[in-house]
Amino acid sequence: MSEKTITLTNNSDGRTVDLPLYKGTIGPEVMDIGKLYSGMGIFTYDPGFIATGSCRSSITYIDGDKGNLWYRGYPIEQLAERAKFLEVAYLLLYGELPSLDQLSEFERIIRYHSMINETLKNFFDGFHFNAHPMAVMVGVVGSLSAFYHDSLDINNPRHREISAHRMIAKMPTIAAASYKHNVGEPFIYPRNDLDYCANFLHMMFATPCEEYVPDPLAVKAVNLLFILHADHEQNASTSTVRLAGSSQANPFACLASGIASLWGPAHGGANEAVLDMLREIGDVSNVDKYIAKAKDKNDPFRLMGFGHRVYKNHDPRATIIRKVCHEILESMADTDNPMFELALRLEEVALEDEYFVERKLYPNVDFYSGIIYRALNIPNSMFTVMFAIARTVGWMAHWMEMMSDPQQRIGRPRQIYTGHDRRDYVGIERR
Ligand code: CMC
């Protein structure tokens, strides 16, 4: 960290304050405003955290103008092309790519944590069959906080590591079970001879009557999507996990809070919303009408899968996935997929439209991810659940990083109070 400072002057009373300026490995300089209130008596105001950093992190780097996304320094394009999901999970958790031995040991640990306690199944029965799988995920993952008393000391790094392993291992099992509950089929146990992504597909699609042989192309697609969704620095759900964890809450409860935040259509729920939107548009001939609706400030309709808080050039995940989307649909002999044709037309029109160009609104990763999942027969309601499985790695990596940070304090934003000034209580008979 640099010794540079910046001096702020309040023009109305002449008070000044010197604030430290930091520089990370790469990226813009950052002003530390921690002493602003004590030095000058004012707070900052930044709804949505447009220009506010909440922590130091060495996990993921994004340059939104250049469209760069790196995990621990490795460009997402290289990882997406060459790595396995659990290799990326190891990288995000531990900071370095694993050796062969380290990876096989990590895979073994994850495999042997993939079963869920039999009593956990009772929690699913508390949900109506048509409960949204994300609602089930929030509840069931939260309920894990009532288990594992042997390793819940959040001040013990080894306990934190075990919690991370448990969560990464159990998420596919819980996710598949939430789907099985939805369709009224029995839960399928994990299989230790399958890799992480194939095992998830097995738990989704096998039944006690029929084995499911995972299609290698489907496994490859899920592996890729999981890598692309594994982390994205201080997004809404990760910040939620960090904020919940900052009060030293139970890690599984923190994770449930992250899942809740991810569910919203402005965040991870966008992949499901894109498919709903494409269904609503229905036909290429309606594209212009819906583009006009998206631009109309009096209409709540937004083009789902477009725009991003950070990416103002292109979303590198979208570039990777768009290509793969073509390949998958072609290999699945599904080139006539009308949904994909409609998506491409929408993309074409939006990318030329002044409104979208001016605001730098480009298709994001979730414009395409739902189309791929749909081609793999994964139902719409499971799209955000798939995102949650992958993002669990990022959530746990950030939670572990935060818990080992000596500067970590409870997260506690300030506010501009806009309510009444002081007033006196009036008895009910006089109101
Ligand atoms: N359709 C139409 N207009 C849009 C859209 C959109 N999808 N996104 C942004 N705008 C407009 C917005 O109305 C505003 O216009 P103006 O300046 O005239 O008021 C301008 O663009 C800036 O938008 P913003 O809402 O201030 O930007 P934000 O950074 O707060 O929101 C976003 C980012 C992703 C929530 C938003 O672009 C959005 O709602 N997109 C659709 C949902 C979506 O696809 N989300 C997935 C994000 S990628 C997956 C993930 O990582 O979670």
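**Exercise 1. Which residue in β2 stands opposite T9?**

Solution. The model is predicted, so local features need pLDDT of at least 70 and side-chain atom pairs count only at pLDDT 80 or more, while totals for chains, interfaces and linings use all residues. Residues are numbered from 1 along each chain as its sequence is written, and side-chain values use heavy atoms, with hydrogens and water left out.

Step 1. Locate the strands, which are DSSP runs of E with at least two residues, numbered from the N terminus. Strand β1 covers residues 5-9 and strand β2 covers residues 16-23.

Step 2. Check the pairing, which requires that DSSP finds at least two bridges between two strands. β1 and β2 run antiparallel and are joined by 5 bridges.

Step 3. Read off the partner: T16 stands opposite T9.

**Exercise 2. Follow the chain through the hairpins of β1, β2 and β3.**

Solution. Step 1. The hairpin of β1 and β2 has 6 residues between the strands, and G14 in its turn has a positive phi of about 75°.

Step 2. β2 then pairs with strand β3 (residues 29-31), antiparallel, over 3 bridges. Y22 has V30 in β3 as its bridge partner.

Step 3. Between β2 and β3 lie 5 residues, and G27 in this hairpin takes a positive phi near 105°.

**Exercise 3. Why is one side of β4 and of β6 left without a neighbour in the sheet?**

Solution. Step 1. Write the strand order: β4-β5-β6, an open sheet of 3 strands with antiparallel pairing.

Step 2. β4 (60-63) and β6 (74-75) are at the edges and have a single partner strand each, so one side of each has no neighbour in the sheet.

Step 3. β5 (residues 68-71) pairs with β6 over 2 bridges, and W70 stands opposite P75 in β6.

**Exercise 4. Is T384 buried or exposed?**

Solution. Step 1. Place the residue: T384 is in helix α18 (residues 383-403).

Step 2. Apply the cut-off: T384 has 0% relative accessibility and therefore counts as buried (under 20% relative accessible area, with a 1.4 Å probe and protein chains only).

Step 3. List the contacts (heavy atoms within 4.5 Å). Apart from neighbours within four places in sequence, T384 contacts M134, L262, W263, G268, G269, N271 and E272.

**Exercise 5. Describe the polar side-chain atoms beside the ligand.**

Solution. Step 1. For R309, a polar side-chain atom is 2.8 Å from an oxygen atom of the ligand.

Step 2. The corresponding distance to a ligand oxygen atom is 2.9 Å for N364 and 3.0 Å for R359.

Notes
Helix = DSSP H or I, 4+ residues; strand = E, 2+ residues; numbered from the N terminus. Buried < 20%, exposed > 50% of the residue type's maximum accessible area, 1.4 Å probe, protein only. Polar contact = N/O pair within 3.5 Å; in protein donor to acceptor, adjacent residues only side chain to side chain.
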